[in-house]
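Reader: I am new to reading protein structures. Could you walk me through the words people use for them?

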Amino acid sequence: MIKQENILVGIDGSLYALNALAYVSNNFNMQHLSINLVHFFPRAPAFFTDIRKPDYFKDLIGNRYQEWLNSKREQGEKFLSDAR
């Protein structure tokens, strides 16, 4: 029996990541290979997470941080969907 191989490909939304995925899919026997995708997105800008800011600023910026986070998650999900 032939062993099933697993490959983890990190996806960040770049052309380089798509090229890496294309390389794997074009150069390996897909019958015996399982490709797992993981998406990485950038860390939040420092002004969202600066703990030295006053509490009232954190309250004001909290919603913007959540919007930024949701936007990055949506972008990641779209990219993973396209990569599949």
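Author: Here we take some terms one at a time and set each against its definition. This is a predicted model, in which local features need pLDDT of at least 70, side-chain atom pairs count only at pLDDT 80 or more, and totals for chains, interfaces and linings use all residues. Residues are numbered from 1 along each chain as its sequence is written, and side-chain values use heavy atoms, with hydrogens and water left out.

Reader: What makes up the secondary structure of the chain?

Author: There are three helices and two strands, where helices (H or I, at least four residues) and strands (E, at least two) are DSSP runs numbered from the N terminus. Along the sequence they follow the pattern β-α-β-α-α.

Reader: How do you know that the length of helix α1 agrees with its 13 residues?

Author: The expected span is 1.5 Å times one less than the number of residues. For α1 (residues 15-27) that should give 18 Å, and the end C-alpha atoms are 18 Å apart, so the two agree.

Reader: Which residues of α1 are called buried?

Author: Ala-17, Leu-21 and Val-24 are buried, meaning under 20% relative accessible area (exposed is over 50%, partly exposed in between; 1.4 Å probe, protein chains only). Seen down the axis, the buried residues of α1 fall within an arc of 60°, taken from the directions from the helix axis to the C-beta atoms, so they line one face of the helix. On the other side of α1, Leu-15, Tyr-16, Tyr-23 and Asn-26 are exposed.

Reader: Why do the side chains of Lys-78 and Asp-82 count as a salt bridge?

Author: The rule asks for a side-chain nitrogen of Lys or Arg within 4 Å of a carboxyl oxygen of Asp or Glu. Lys-78 and Asp-82 meet at 2.8 Å, N to O, so the pair fits the rule. The two are four residues apart in helix α3 (residues 55-83), which means about one helical turn separates them. Lys-78 has 53% relative accessibility, so Lys-78 counts as exposed. By this rule the count comes to one salt bridge.

Reader: What about Lys-72: buried or exposed?

Author: Lys-72, which lies in helix α3, is buried yet has no salt bridge. Lys and Arg count as positive and Asp and Glu as negative, while His and the chain ends are not counted. The nearest side chain of opposite charge, Glu-74, is 11 Å away. Leaving aside neighbours within four places in sequence, Lys-72 is in contact (heavy atoms within 4.5 Å) with Phe-41 and Pro-42.
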